[in-house]
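Please take a moment with the sequence and the model below. A short report on the fold follows.

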Amino acid sequence: MRTPLIAGNFKMFKTAAETTAYVVELRGLLADARGVDVLIAPPFTSLAAAAAAASGSAIGVGAQNIHWEREGAFTGEVSAGMVREAGARFVIVGHSERRTLFGETNATVNKKMNAVVAAGMTPIVCIGETLEQRDRNETLAVLDRQIKEGLDGATGEQLAAMVLAYEPVWAIGTGRNATPAQAGEAHFHIRQRLKQWFGLDSAGRCRILYGGSVKPDNIARLIAQPDVDGALVGGASLDPKSFLAIVKGAAI
Ligand code: PEP
């Protein structure tokens, strides 16, 4: 069975000192939490602090992005090897804010996914439709393209170890989350495609998170959907108590 995973995306919030204080508090709060995997993805500058504070606990640490090259003349960029050395074991790839604000495409998502896997970390590959695409009834076709192009070349074994995050763009940071039925339908479709393209066994092992205004009061209904294996949480992950409430809500 797939263990639920709750991942906190801090976005551009929390300094290294604030991240340390957060992890210290979260460690204490999570002491009796069982049956759920937990990770946080702070900004690059807080990765080492997060890893040090989380050392010896079950809290995983992830980066929010990487460049796909190992090194080079890419001012302002950070490689997979660099975030791994700083303590990351997961990397969020293709978050909709990166697609919308920083021009990421399925092709760059694919390169990043490969770089993360090559560096021995777990990619959390984000997919999801915009409101216009949903209104035009293109949701499932958009997801198909994002999966096909973003995961192109991945083996079944790699897919099995990966995490996907279905994040409808219209639900991110808006307070407007998908209904459990909408999330369930998208997740079911994604799982079917993964079965078709990567095989039953690998598709059955890959975790698919839901993301988009997940809060303590809606996590239980979302995770009750058969193909929802956890959540990628933005705003509500910034406070350890609300993040803990989401973790507990996922432990069904
Ligand atoms: C996210 O950043 O991936 C996200 C889902 O944000 P929020 O929970 O704030 O909608």
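Two strands pair if DSSP finds at least two bridges between them. Strands here are DSSP runs of at least two residues, numbered from the N terminus. With that in hand, G211 stands opposite L232 in strand 8. The model is predicted.

## The barrel

Eight strands form a closed barrel. Their order is 1-2-3-4-5-6-7-8, and the pairing is parallel. From one strand to the next, the twist averages 25°. Strands of a sheet pair through backbone hydrogen bonds, either parallel or antiparallel.

Look at a few of the pairs. Strand 6, residues 163–166, pairs with strand 7 over four bridges, in the parallel sense. Here L164 has I208 of strand 7 as its bridge partner. Strand 7 also pairs with strand 8, in the parallel sense, over two bridges. The residues G211 and L232, met above, stand opposite each other, with L232 in strand 8.

Which strand pairs with strand 8 over four bridges? Strand 1, residues 5–9, does, again in the parallel sense. In this pair, L5 stands opposite G230 of strand 8.

Strand 8 spans residues 230–233. G230 and L232 point one way from this strand. A231 and V233 point the other way. Are these residues buried or exposed? All four of them are buried. In a regular strand the side chains alternate between the two faces of the sheet.

## Helices across the strands

Helix 2, residues 47–54, lies across strand 2 (37–41) and strand 3 (59–63). Helix 2 runs at about 170° to strand 3. Helix 5, residues 106–118, lies across strand 4 (90–93) and strand 5 (122–127). The angle between helix 5 and strand 5 is about 160°.

## The loop after strand 7

Now turn to the loop between strand 7 (207–211) and helix 11 (219–223), where N218 is found. S213 has its place in this loop too, between strand 7 and helix 11.

Start with S213. Its relative accessible area is 9%, so S213 is buried, as the cut-off is under 20%. Not counting residues up to four places away in sequence, S213 touches A171, G173, T174, G175, R176, N177 and N218. The side chain of S213 reaches the backbone nitrogen of G175 at 2.8 Å. A polar atom of the S213 side chain also lies 3.5 Å from the backbone nitrogen of R176.

Next comes N218. N218 has a relative accessible area of 5%, so N218 is buried. Leaving out residues up to four places away in sequence, N218 touches N177 and S213. Where does the N218 side chain have a polar atom 3.0 Å away? That partner is the backbone oxygen of S213. N177 is thus on the contact list of S213 and on that of N218.

N218 can also be placed relative to G62. The two are 156 residues apart in sequence. In space they are 24 Å apart, C-alpha to C-alpha.

## Salt bridges

How many salt bridges does a search of the whole structure find? The search finds 16. Three of the pairs are listed here.

| Pair | N to O distance |
|---|---|
| D32 and K248 | 3.8 Å |
| E138 and R136 | 2.9 Å |
| D201 and R205 | 2.7 Å |

Take D32 and K248, which form a salt bridge. D32 lies in the loop between helix 1 (16–29) and strand 2, and K248 lies in helix 12 (residues 240–250), so the pair ties together parts that are 216 residues apart in sequence. D32 is exposed, because its relative accessible area is 54%. K248 is partly exposed, with a relative accessible area of 42%.

E138 and R136 meet through their side chains. E138 counts as partly exposed at a relative accessible area of 26%. R136 counts as exposed, at 51% relative accessibility.

D201 and R205 both lie in helix 10, residues 200–205. They are four residues apart, about one turn of the helix. R205 is partly exposed, at 39% relative accessibility.

There is also a network. R2, R191, D227 and D229 are linked in it by salt bridges.

Methods: Residues are numbered from 1 along each chain as its sequence is written. This is a predicted model: local features need pLDDT of at least 70, side-chain atom pairs count only at pLDDT 80 or more; totals for chains, interfaces and linings use all residues. Side-chain values use heavy atoms; hydrogens and water are left out. Buried means under 20% relative accessible area, exposed over 50%, partly exposed in between (1.4 Å probe, protein chains only). Contact means heavy atoms within 4.5 Å. A polar contact is a pair of N or O atoms within 3.5 Å; within protein, one must be able to donate a hydrogen and the other to accept it, and residues adjacent in sequence count only if both atoms are side-chain atoms. Axes are lines fitted to C-alpha atoms, for helices over the stretch in contact, and angles run from 0 to 180 degrees between N-to-C directions. A salt bridge is a side-chain nitrogen of Lys or Arg within 4 Å of a carboxyl oxygen of Asp or Glu.
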